[in-house]
Amino acid sequence: MVARLVIAAPSSGAGKTTVATGLMAAFAGRGLAVSPHKVGPDYIDPGYHALATGRPGRNLDAYMCGTGLVAPLFAHGARGCDLAVVEGVMGLYDGAADQGELASTAQVSKLLKAPVVLVVDASSQSRSVAALVHGFASWDPEVRIGGVILNKVATDRHEHLLREALGESGVPVLGVLRRAPAVATPSRHLGLVPVAERQAAAVAAVAAQAEQVRQGCDLEALLALARSAPELHAEAWDPGVVGRLHAGGPVGPTLPRTPSGGTPVALRDDRPPRLAVAGGAAFTFSYAEHTELLRAAGAEVVVFDPLRDEALPEGTSGLVIGGGFPEVYGAELSANEPLRKAVAALAASGAPIAAECAGLLYLARSLDGKPMCGVLDADARMSSRLTLGYRDAVAVNDSVLAPAGARMRGHEFHRTVIEPGAGALAAWGLRQPERRMEGFVQGGVHASYVHTHWAGSPEVAARFVERCAGGPVA
């Protein structure tokens, strides 16, 4: 039984991240073990959550992983904690396009049986706030809105008007926050600037958020609300299940989520395959469960920084390059010619390489005219157009991640384009929002813009580790 709260809002921009991160840090500062979670696919907010709590920020995405995995993944992350704080996504009832409530904060709150605290940007309203809160509280009777935190309140008089209006709503005011520049987090083309790029400033911002929450919120009432959540009957997700899977078996959401039995991944000698995982400021997008799955499948995972390290970790037999902002660090990545050549040599050897979004750009011939690794016969550049949304994908060709015909769900989030958009052997056939071929399968390389969450299809990690251990490629 873990006390839990979901921090939601009527829309984006109301201050969910500031409030959620501040609450996490404030409760952690009182000695509580706080488990941080984020609804949806976003990678950046969990970095601030981790800074606030000292624990990995974890995503709860009902679209990519399936509704049946939301509670088990939550239980996995919150094991042994006193309190869990779940930051929502967009507006409370906003989810996957044309999919009803799927992947919305409201759906996740129901799957977790967790009370919701609604963060309202009150900067341009007074009495209307009561109508707004009443509408959100009554829209879905299964969503329990247990309180409101009023954000960006201007003056004591403004606060009085807001409290008076909400007095008859039946939804208690659990906090009032004034405008405070110190808590602001800078943004750019894909949202907040990641923690890894502004370590000292991020620490200061989180400390300011915690202090603002301590001063403006009723922490005792919020903790009591969290503890009022009923028992959640969910068996914690176990990354160790991957060691019991057939690495070459089918992948996709139609399979049981936690199959048992099967054949363990067979390594070719007594040494585990060493997998290099790109990290550092340029490659900050990753889900904690990916590393857990790779290790559970028998791999040794070593993190390296392409901005600083001039060689891959010694003995590297496979490479994972996740998402991030290579476009921001294009000059530095290009200047590290020894590492670019090492990555190209690894790819030429046929070693398994899994690259998502930023990894795709890094493997290209060039990025904004700057030489990259040259593994792919393609060039990338920044674009004014934001590509954003969930994707329903089918593996077009056998690869180190999935056999042809495997279905997976993922998401795209970038302001870059790569030409061509797909290789002679494409990685995925995307089925929505438009049909198109996407990504590259080339030898042991699988490179794509599509981010995936392997917890929903742990066979991906098992297959990849077996290939790194010398198993069959097809």
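This is a short talk about how three helices pack in one chain, followed by a covered helix, the cysteines and a single strand residue.

Before I start, please keep in mind that what you have in front of you is a predicted model. The chain carries 14 helices and 22 strands, and of its 474 residues, 58% are buried. If we take the contacts in the chain with a separation of 6 or more, 74% of them are accounted for by residues 24 or more positions apart.

Let me begin with helix α1, which covers residues 16–29, and helix α2, which covers residues 44–53. Their axes lie 8 Å apart and the packing angle is about 20°. An angle under 35 degrees counts as roughly parallel, and α1 and α2 are therefore roughly parallel to each other. The crossing in which α1 passes α2 is right-handed. On the α1 side the contact uses T17, T21, M24, A25 and A28, and these meet D45, Y48, H49, A52 and T53 of α2. Sorted by class, the residues of this contact are five nonpolar, four polar and one charged. As a reminder while you look at those numbers, an α-helix has 3.6 residues a turn, so residues three or four places apart point the same way.

Now bring in helix α8, residues 199–216, and look at it first from the side of α2: the two axes come within 10 Å and cross at roughly 70°. Which description fits this pair, roughly parallel or roughly perpendicular? Since angles from 65 to 115 degrees count as roughly perpendicular, α2 and α8 are therefore roughly perpendicular to each other. Here Y48, L51 and A52 of α2 meet A202, V203 and V206 of α8, and the contact of α2 with α8 has six nonpolar residues, with no polar and no charged ones.

Helix α8 also packs on α1, where the axes come within 7 Å and cross at roughly 85°, which makes α1 roughly perpendicular to α8 as well. From α1 the residues involved are T18, V19, T21, G22, L23, A25 and A26, and from α8 they are V206, Q209, A210, Q212, V213 and R214. By class, this contact of α1 with α8 has seven nonpolar, five polar and one charged residues.

Let me move on to helix α4, residues 70–78, which is mostly covered, with nine of its nine residues buried. Those buried residues are V70, A71, P72, L73, F74, A75, H76, G77 and A78. Just after α4 comes G80, which takes a positive phi of about 80°.

For those who think about cysteine chemistry, the structure holds zero disulfides. Is C357 buried or exposed? Buried residues are those under 20% relative accessible area, so C357, at 5% relative accessibility, counts as buried. By the cut-off just given, C468, at 9% relative accessibility, counts as buried too.

I will finish with V303, which sits in strand β11, residues 300–304. Its relative accessibility is 58%, and V303 therefore counts as exposed. Setting aside neighbours within four places in sequence, V303 is in contact with V277 and G279. As for V320, this residue is 17 residues from V303 in sequence, and the C-alpha to C-alpha separation of the two is 9.5 Å.

Technical notes
Residues numbered from 1 in each chain as written. Predicted model: local features only at pLDDT ≥ 70, side-chain atom pairs only at ≥ 80, totals over all residues. Heavy atoms only, no water. Axes fitted to C-alpha atoms, helices over the stretch in contact; angles between N-to-C directions. Helix = DSSP H or I, 4+ residues; strand = E, 2+ residues; numbered from the N terminus. Parallel < 35°, antiparallel > 145°, perpendicular 65-115°, else oblique. Left-handed = near helix turned anticlockwise from the far one by under 90°. Contact = heavy atoms within 4.5 Å. Nonpolar A, V, L, I, M, F, W, Y, C, P; charged D, E, K, R; others polar. Disulfide = S-S within 2.5 Å. Buried < 20%, exposed > 50% of the residue type's maximum accessible area, 1.4 Å probe, protein only.
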